[in-house]
Amino acid sequence: FDRQDGRLQRQRLLVVANRLPVSAVRKGEDSWNLEVSVGGLVSALLGVNEFEANWIGWAGVNVTDEIGQRSLTEALAEKRCIPVFLDQELVHQYYNGYCNNILWPLFHYLPLPQEDRLATTRSFQSQFAAYKEANQMFADVVNEHYQAGDVVWCHDYHLMFLPKCLKEYNSEMKVGWFLHTPFPSSEIHRTLPSRSELLRAVLAADLVGFHTYDYARHFVSACTRILGLEGTPEGVEDQGKLTRVAAFPIGIDSDRFIRALELPAVKYHIKELQERFAGRKVMLGVDRLDMIKGIPQKILAFEKFLEENPDWRDKVVLLQIAVPTRTDVPEYQKLTCQVHEIVGRINGRFGTLTAVPIHHLDRSLDFPALCALYAVTDVALVTSLRDGMNLVSYEFVACQASKKGVLILSEFAGAAQSLGAGAILVNPWNITELASSIGYALTMSANEREKRHQHNFLHVTTHTSQEWAETFVSELNDTVVEAQLRTRH
Ligand code: ADQ
């Protein structure tokens, strides 16, 4: 708390992310419908009372006229949100192009098919220029609203250039940057044509954070090997200037999930689901329909399990809830078709006139329905090929206090490092191993389930999103103070 004018004031936090936590839909020339989207980051910061959080980001709509921009800015101000206006072409090049077609797959160790790679390589320069331009536009808005003493917290791979742009405006600004995806091995990062420029831009921040120690180590290695800088236990040093690099594993607002189970709407859904699937074990997958989530691998392993265990065919059901994302990208359209085809084949092979083994929904669920599903599940399947953390695994554990179901978790998700002792860890590429893990999970003794659950439940309820945000921001404050002391001596 800072003392100003004799009153206690909360420190202002400027949270800068590609998307604002609200989606705007235009209703008239100057009227807007704003819908709040509660993702991991939003709920993390909702519970943090120590700071006054203000958001800066793109509202997800193309607004080119002055009346529209002014009225949207006013409407968003009530929600402590400040928009960055990006035009359609820039969004195409920066967001669909450089962010989602280059950085996202690369950071998850996924190579594009060769023909796409060539097309991407040709458009690489223009997409990178758009990326820098967009980052500069975010910086302009931050700079316009910045007040001395604010903490600026930049998020994710969309904004790797932002710390550099901000420090160019004002070297005194406290700037932190956090990556929500994995940071890959330096051998992967060095294939990027813009590898050095991106690293240097991130290093302009005072504090750089990752979900796991491994990602932090990969980042430091990339800086030492590619830029020739010195890695220290604290971070990366360049001509006497230290950038702190550390791991800050995110969590969830576990109380929100635990409390939700007491809501009448959730209890109603739970009862409905229990009746609907009576006599069958419920397995659950909840993912964005993304290449990194390993959805085909999960379904193929389930098929193998049914193939090898005919007795289970009418005793287990897999509910796969896959919310579509980036639907205009051909790779994602191909993935949707592929998943539908495999699900159709399996239901054709093992379904009966009254029941099918897989229920696949291409959509998002509302919060009560999601909590109810987590609560009635016997086995949750998280089979990401790579995943920064994976919050679905945390949410499942939070809702399992009475059932004590089993979590099957990919060793390539950041969550494997925190929930590994309670979960069954798998390599999602190994379909045989995954299929036998399903069998093991379905027949696990109550005693073993209880022990595994207790371990994970304790972790999820003590490493919350609020704690994550508070730790990052206080570390950022400390880092800046230490740097000031160092330069004075
Ligand atoms: P995501 O890749 O989106 O996040 P995840 O961490 O699992 O992955 O978070 C997804 C969120 O969306 C969860 O809160 C989940 O409840 C919700 N969700 C997913 N599918 C849904 C559905 N069908 N219906 C309703 N809700 C659904 C990125 C990184 C992760 C990292 C987070 C946070 O890729 O690795 O854990 O950021 O840093």
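Student: Which residues of helix α5 (residues 162–169) are called buried, and what makes a residue earn that word?

Tutor: In this predicted model, Leu162, Pro163, Lys164, Cys165 and Leu166 of α5 are buried. The word requires that 20 or more other C-beta atoms lie within 10 Å of the residue's own C-beta atom. These five residues are listed as buried, so each of them meets that cut-off.

Student: What covers the buried residues of α5?

Tutor: The cover includes the strands β3 (11–19), β8 (151–155) and β9 (174–178), together with the helices α4 (114–145) and α7 (195–203). The helix α5 itself lies across β3, β8 and β9, and its direction makes about 175 degrees with that of β9. An angle over 145 degrees counts as roughly antiparallel, so α5 is roughly antiparallel to β9.

Student: What makes β8 a mostly covered strand?

Tutor: Five of the five residues of β8 are buried. On one side stand Val151, Trp153 and His155; on the other side stand Val152 and Cys154. Side chains in a regular strand alternate between the two faces of the sheet. In β8 both faces are covered.

Student: How do you know that β8 is paired with β3 and β9, and in which sense?

Tutor: Two strands count as paired if at least two bridges are found between them. β3 and β8 share four bridges, in the parallel sense, while β8 and β9 share five bridges, also in the parallel sense. Both counts reach the cut-off, so both pairs qualify. Valine 152 of β8 takes part on each side: its bridge partner in one pair is leucine 14, and it stands opposite valine 175 in β9.

Student: Why are β7 (81–83) and β11 called edge strands of the sheet?

Tutor: Nine strands form an open sheet in the order β7-β6-β3-β8-β9-β10-β13-β12-β11, with mixed pairing. β7 and β11 each have a single partner strand, so one side of each is left without a neighbour in the sheet. From one strand to the next, the twist averages 20 degrees. Helix α18 (residues 465–488) packs on this sheet and touches β3, β6 (51–58), β8, β9, β10 (207–210) and β13. The direction of α18 makes about 135 degrees with that of β9.

Student: What makes β11, β12 and β13 a run of hairpins?

Tutor: Strand β11 (residues 230–232) pairs with strand β12 (residues 235–238) in the antiparallel sense over three bridges, and a hairpin joins them through two residues. Within this pair, glycine 231 stands opposite valine 236. β12 then pairs with strand β13 (residues 241–247) in the antiparallel sense over four bridges. Here valine 236 stands opposite threonine 243, and glutamate 237 stands opposite leucine 242. The hairpin of β12 and β13 has two residues between the strands; glutamine 239, in the turn, has a positive phi of about 50 degrees.

Student: Why is valine 392 called buried?

Tutor: Valine 392 has 27 C-beta neighbours inside 10 Å. The cut-off is 20 or more, so valine 392 counts as buried. This residue lies in helix α14. Leaving aside residues up to four places away in sequence, valine 392 touches Val286, Asp287 and Val382. Valine 392 and isoleucine 252 are 140 residues apart in sequence, with their C-alpha atoms 9.4 Å apart.

Student: What is the angle between α14 and helix α17 (residues 446–462), and which word describes it?

Tutor: Packed helices are described by the angle between their axes and the distance between the axes. For α14 and α17 the angle is about 110 degrees and the axes are 9 Å apart. The range from 65 to 115 degrees counts as roughly perpendicular, so α14 is roughly perpendicular to α17. Tyr394, Val397 and Ala398 of α14 meet Asn456, Phe457 and Val460 of α17. By class, the residues of this contact are five nonpolar, one polar and no charged.

Student: Which elements supply at least two residues each to the shell around the ligand?

Tutor: They are β14 (281–289), β15 (316–324) and α14 (391–398). The ligand is surrounded by 19 residues, of which His180, Val323, Gly388, Met389 and Leu391 are the closest. The shell divides into nine nonpolar, six polar and four charged residues.

Technical notes:
Residues numbered from 1 in each chain as written. Predicted model: local features only at pLDDT ≥ 70, side-chain atom pairs only at ≥ 80, totals over all residues. Near = placed C-beta within 6 Å. Nonpolar A, V, L, I, M, F, W, Y, C, P; charged D, E, K, R; others polar. Buried ≥ 20, exposed ≤ 12 C-beta atoms within 10 Å, placed from the backbone. Contact = placed C-beta atoms within 7 Å. Axes fitted to C-alpha atoms, helices over the stretch in contact; angles between N-to-C directions. Parallel < 35°, antiparallel > 145°, perpendicular 65-115°, else oblique.
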